[in-house]
Every structure is written in C-alpha cells, then in structure tokens.
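Me: Could you walk me through a structure, taking one question at a time? I'd like to see the reasoning behind each answer.

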Amino acid sequence: MPFKLFDVSKPIPERKEHTYVKKCGDPEECLPKCNIKTIPGSMTERGCAFAGAKGVITGAIKDVAQVVHSPIGCTTYGYGSKRYPTTTKMPDGSTFPVKDFNIKHIVGTDLQESDVVFGGMKKLRQTVRETNKEFPFVNAIYLYATCTTGLIGDDMDAVAKEMEEEIGKPVIAFNAPGFAGPTQSKGHQVGNNTIFDKIVGTTEPPATTPYDINLIGEYNIDGDLWLLQEYFEEIGINILTTFTGDCCHEELGWMHRAKLSVVRCQRSSTYIADLIEQKYGIPYIKTDFFGVKYTSDNLRAVAKFFGLEDKAEELIAKRIAKISPELEFYKKKLTGKKVFLFSGGPKSYHLAVPLHEELGMETTGVSSMFEHEDGFEKMKKRVKEGALIIDDPNTLELEELVEDYDIDLILGGVKEKYLVHKLGVPSVLIHSYENGPYMGFEGFINLARDMYTALYNPVWNMLEFQETEDSDMDEEVE
Ligand code: CFM
C-alpha cells in the first residue's frame with residue numbers, strides 16, 4: 001500500500017502508516033491510521049480533550065463564565081480563544097452587558113501542590129462563588145476538568161450540583177480532562193454529550209415557527225454564522241438555536257423544539273444531532289458551506305425540507321450573480337497554484353474540491369490533526385491521484401514537505417503560518433481566518449482574495465535564499 005515515511009521521521013517508523021499517498025483503485029479501507037494516540041517522539045500539533053471541549057464547543061457561548069479547574073497553565077491556555085465574535089442580543093430582546101464576553105472571561109482555580117495532595121474541591125467551590133460575584137450578569141457557570149483534576153479524581157459533578165443550589169443559576173461540569181482521548185476530538189464529544197444531558201430540554205423558546213432549525217457545529221468564526229443566518233432568513237428559515245456560535249446558554253435548552261438540525265461541522269457536533277434525533281425524533285442533515293457549489297447544493301437541501309425551494313433558487317441566483325465577476329478575476333489569478341491544506345480535519349475535505357473546481361487550484365495534499373476514518377474517507381475521495389493525506393503531521397514533516405514538494409501556498413493555522421513564511425512559502429489562515437467570513441458565496445470570495453493577496457505579495461520575490469544553492473550562499477555571505 002502506498003504509504004510514505006518522511007526522512008525526518010525515520011527514527012519513528014510507525015509514522016509511515018499515518019501518511020497515505022492517494023492511489024486510484026486502492027481498496028476503500030486504504031487510509032492513513034488516525035484517531036489514535038500520537039507516537040511518542042513525534043512533535044504533534046494536536047490539542048487535548050480539554051481544548052476540544054472549552055476551546056471549540058463551549059468557548060463560543062456568550063453569556064457564561066468559564067471556570068477551569070487546573071494549575072494555572074491550562075487556564076492561561078484556555079484564555080486564548082478563537083475568533084468567536086458575538087452580538088449582545090439575547091433571545092428575549094434584552095442586551096447582554098458585555099460584548100464578546102466569551103473571548104476573555106475565563107477564571108481558574110490555580111491549583112497548588114497541596115491541592116493535588118488533599119483535593120481541590122474546596123477551591124473549586126470558592127472559585128465558583130467568586131466568579132458569580134465578579135460577573136453577576138452571567139447566566140450560567142461552566143466548570144472544566146483538566147489532566148490534574150482528572151488524575152486526583154475531584155468530583156466535578158458533585159460540586160456543580162451543590163453550587164447550582166447555592167448560587168441559583170445553572171452550573172455545569174464538563175469532564176474532559178486533557179488525557180480523556182487521543183485528541184481534542186474527544187472533548188468535542190464530551191461537550192456534546194454534556195450539553196445534551198444537562199441542558200437540552202430544560203427551557204422553552206419564546207416562540208416557534210414551522211421553519212425552525214438548529215444550526216449545529218457553527219461557531220461563527222470571523223462572522224461565518226452571520227452570513228449563513230442572512231441566507232436562511234432570506235429563504236424564510238429561522239435559526240432557533242446555534243450550537244454554539246453567538247449563542248447564549250438558554251438557547252441550548254430548547255434545541256428539542258426545532259424541526260430540523262442542520263449540521264455544519266460534522267466532526268465536532270454530529271454527536272448532539274444524533275442524540276436529539278434519537279430522543280426527540282428531530283431529523284438532521286450534514287451540510288457543507290464552503291465554495292459556490294456546496295453552498296448552493298446545501299441551501300437547496302435545507303430549503304427542500306421545508307418546501308422553500310423557490311426561495312432558495314432566488315437567493316442562489318442573486319448571490320452568484322453578485323460574486324461572479326470577482327470569482328472570475330481570482331480564478332484567473334489562482335489557476336494552477338499548488339496548495340496544501342493543514343486543518344483539524346473537516347476543512348481539508350470541505351475545501352479541496354471548491355479550490356480545484358471553482359478556482360482552478362491544485363491540491364498537493366491534505367492533513368488533519370484529529371479526523372476519524374469517515375473524514376479521511378471524504379478527503380480521499382476529494383483529492384487527486386498522488387496527493388498526500390496525512391494524519392497528525394509533526395512540525396519536522398511539515399518542513400520537509402514544504403522543502404521537497406512544489407507548493408505555492410499553505411492553508412493552515414498559526415502553528416504552520418510563521419514556520420512556512422520562514423521557508424519562503426505564503427500562507428493563509430483557514431482555522432481562524434485572515435479576513436473572513438470564508439463560508440458561503442461572499443465568504444469564498446474573501447478566501448480567494450486572501451489567497452491572492454498572500455501569493456502575489458511582492459515580498460516573496462525579495463527572498464534571495466530561494467534562488468541560491470548552498471555554495472552560492474557562502475559566496476554571498478562573504
Ligand atoms: Fe469543526 Fe471547526 Fe474544524 Fe473543529 Fe478546530 Fe476550527 Fe478546524 Mo481549527 S470545529 S473540526 S476543532 S470546523 S478550531 S472552527 S478550524 S481545527 S477543521
């Protein structure tokens with residue numbers, strides 16, 4: 001089977017099975033190994049389960065205070081959040097007093113050695129009290145286990161229950177200590193399950209319509225949600241709850257009242273759509289809103305469920321007409337450019353086809369930090385013969401890849417960005433975005449513009465080291 005071991009990973013030969021080179025005609029099950037622990041010695045770029053729970057699932061909720069039960073490091077880490085912009089609008093028409101509260105407000109229990117020895121529950125109780133006093137306007141307090149508290153066995157649920165009675169507002173414990181699974185993906189699952197078990201079904205929406213959806217797995221990175229919201233509203237579909245971009249605690253409680261769940265990020269949140277379907281009989285569809293074709297197809301699919309096809313067609317025609325001239329321009333500029341995608345997983349298969357078919361680019365390879373087999377199957381279907389499909393790439397492999405392969409542009413995260421710049425290759429952030437939104441029709445133009453800007457920046461022509469061989473380099477230095 002066509003697997004590749006990077007030279008830099010020779011001391012860790014197990015890495016070979018994590019890089020698959022696509023060969024047409026290979027059996028379907030021929031995929032890179034994935035969703036297992038990182039091999040010791042490999043400098044992984046993965047996050048932990050706590051990061052998956054707090055950093056992805058709950059971090060976007062705008063009116064809750066986050067209490068991290070940990071030594072100070074995990075709290076500091078959790079403080080740096082993604083670009084989850086929020087409005088101050090609450091469902092009852094009131095205004096939440098702080099904008100983007102979610103991005104900055106996180107407190108920790110600052111565990112010390114004695115807490116590890118004698119237990120940290122007392123400190124956790126005290127921290128919840130102080131948090132409630134400090135931020136009296138929050139509507140719930142979420143608690144997070146971390147590696148340390150998972151190991152010492154503090155009973156987070158017991159403290160949550162006790163404190164909920166004491167302070168009179170919901171206190172929810174998320175038990176996803178860092179080591180709970182091989183990647184952040186485990187934290188997504190714990191986040192989904194906890195919200196389903198503890199929150200869904202606890203509140204009722206102020207009003208319902210026959211066109212209500214849950215938009216699940218949409219975190220409003222740089223405004224993605226607001227653009228999708230515009231489309232749905234124009235078609236006549238009402239988003240009852242967004243799980244969890246620009247969302248408030250109370251909204252999660254009435255997810256059982258929607259008519260349909262629309263799953264945007266399939267990796268992080270199909271779990272809750274499944275659970276809602278099982279318990280409340282609400283069906284769900286998995287969607288994709290990157291690129292013109294996927295956006296059109298998926299808006300059609302959601303509209304069809306409600307018999308609103310005509311409205312969807314109207315919107316699609318209007319928006320495509322609006323973006324076409326720009327799309328044409330960028331396609332001319334980007335055709336033939338070779339791109340490599342470094343994402344958590346889903347964005348690698350969301351983007352491969354639109355980049356190729358709508359912008360003429362060529363995907364040299366894709367990688368993922370935490371995808372499972374179903375996601376790798378999609379990546380494999382959507383890339384060309386010879387493309388690399390990498391699970392859990394390490395930093396040295398990334399360097400080797402950039403040096404050995406003919407790559408014009410890297411689409412990745414901050415961990416890749418500056419490294420590849422030093423190697424003379426432009427990059428665009430597709431995790432938190434440069435100038436998003438990147439989803440939907442107008443979003444795809446934003447992405448195309450940012451790729452164009454990155455590629456055509458004159459700075460890349462000033463890098464002399466790109467053109468010099470080792471020997472020349474010596475001479476030049478002299
Ligand atoms: Fe879903 Fe996401 Fe992603 Fe994700 Fe992520 Fe992300 Fe990502 Mo960064 S929820 S799986 S854990 S689409 S943060 S907004 S970009 S790795 S591909």
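Me: Happy to have it in view! At the start of helix 7, which backbone nitrogen does a side-chain oxygen of Asp155 reach?

Reply: Keep in mind that this is a predicted model. Asp155 sits at the start of helix 7, and one of its side-chain oxygens comes to within 3.3 Å of a backbone nitrogen. That nitrogen belongs to Asp157.

Me: How far apart are the end C-alpha atoms of helix 7?

Reply: Helix 7 runs over residues 156–167, which makes 12 residues. At 1.5 Å a residue, the expected span is 16 Å. The model agrees with this, because the end C-alpha atoms are indeed apart by 16 Å.

Me: Which residues of helix 7 are buried, and how wide an arc do they cover?

Reply: The buried ones are Met156, Val159, Ala160, Met163 and Ile167. They lie on the same side of helix 7, because the arc they cover around the axis is only 100°. An α-helix has 3.6 residues a turn, so residues three or four places apart point the same way. To close on what you asked: Met156, Val159, Ala160, Met163 and Ile167, with an arc of 100°.

Me: What covers that buried side, and which exposed residues are on the face turned away from it?

Reply: The cover over the buried residues of helix 7 includes helix 5 (121–134), strand 4 (140–144) and strand 5 (171–174). The face turned away from the buried side carries two exposed residues, Lys161 and Glu165.

Me: What residue follows helix 7, and what is its phi?

Reply: Just after helix 7 comes Gly168. Its phi is positive, near 75°.

Me: Now for the empty space. Which element gives the largest share of the lining of the largest pocket?

Reply: The largest pocket has a volume of about 960 Å³. Of its 41 lining residues, the closest to the centre are Gly55, Val56, Lys82, Gln184 and His431. Elements giving two or more residues to the lining include helix 2 (72–79), helix 8 (184–198) and helix 14 (346–359). The largest share, six residues, comes from helix 1.

Me: What is the volume of the largest cavity?

Reply: The count comes to one cavity of 30 Å³ or more. Its lining includes Glu45, Phe342, Met369, Pro393 and His431. The volume is about 30 Å³.

Me: Last one: is Thr363 buried or exposed?

Reply: Thr363 is placed in strand 11 (residues 362–368). Beyond four places away in sequence, Thr363 touches Val339, Leu341, Ala352, Val383 and Ala387. Its relative accessibility is 10%, and buried means under 20%, so Thr363 counts as buried.

Definitions and conventions: Residues are numbered from 1 along each chain as its sequence is written. This is a predicted model: local features need pLDDT of at least 70, side-chain atom pairs count only at pLDDT 80 or more; totals for chains, interfaces and linings use all residues. Side-chain values use heavy atoms; hydrogens and water are left out. Helices (H or I, at least four residues) and strands (E, at least two) are DSSP runs, numbered from the N terminus. The expected span of a helix is 1.5 Å times one less than its number of residues. Buried means under 20% relative accessible area, exposed over 50%, partly exposed in between (1.4 Å probe, protein chains only). The arc is that of the directions from the helix axis to the C-beta atoms. Contact means heavy atoms within 4.5 Å. A polar contact is a pair of N or O atoms within 3.5 Å; within protein, one must be able to donate a hydrogen and the other to accept it, and residues adjacent in sequence count only if both atoms are side-chain atoms. On a 1 Å grid over the protein atoms alone, a cavity is a set of points where a 1.4 Å probe fits but cannot get out, and a pocket is an open set with protein on both sides within 12 Å along at least five of seven lines; lining residues have an atom within 4 Å of a point. Grid points are joined across faces, edges and corners, and a volume is the space filled by probe spheres set on the points.
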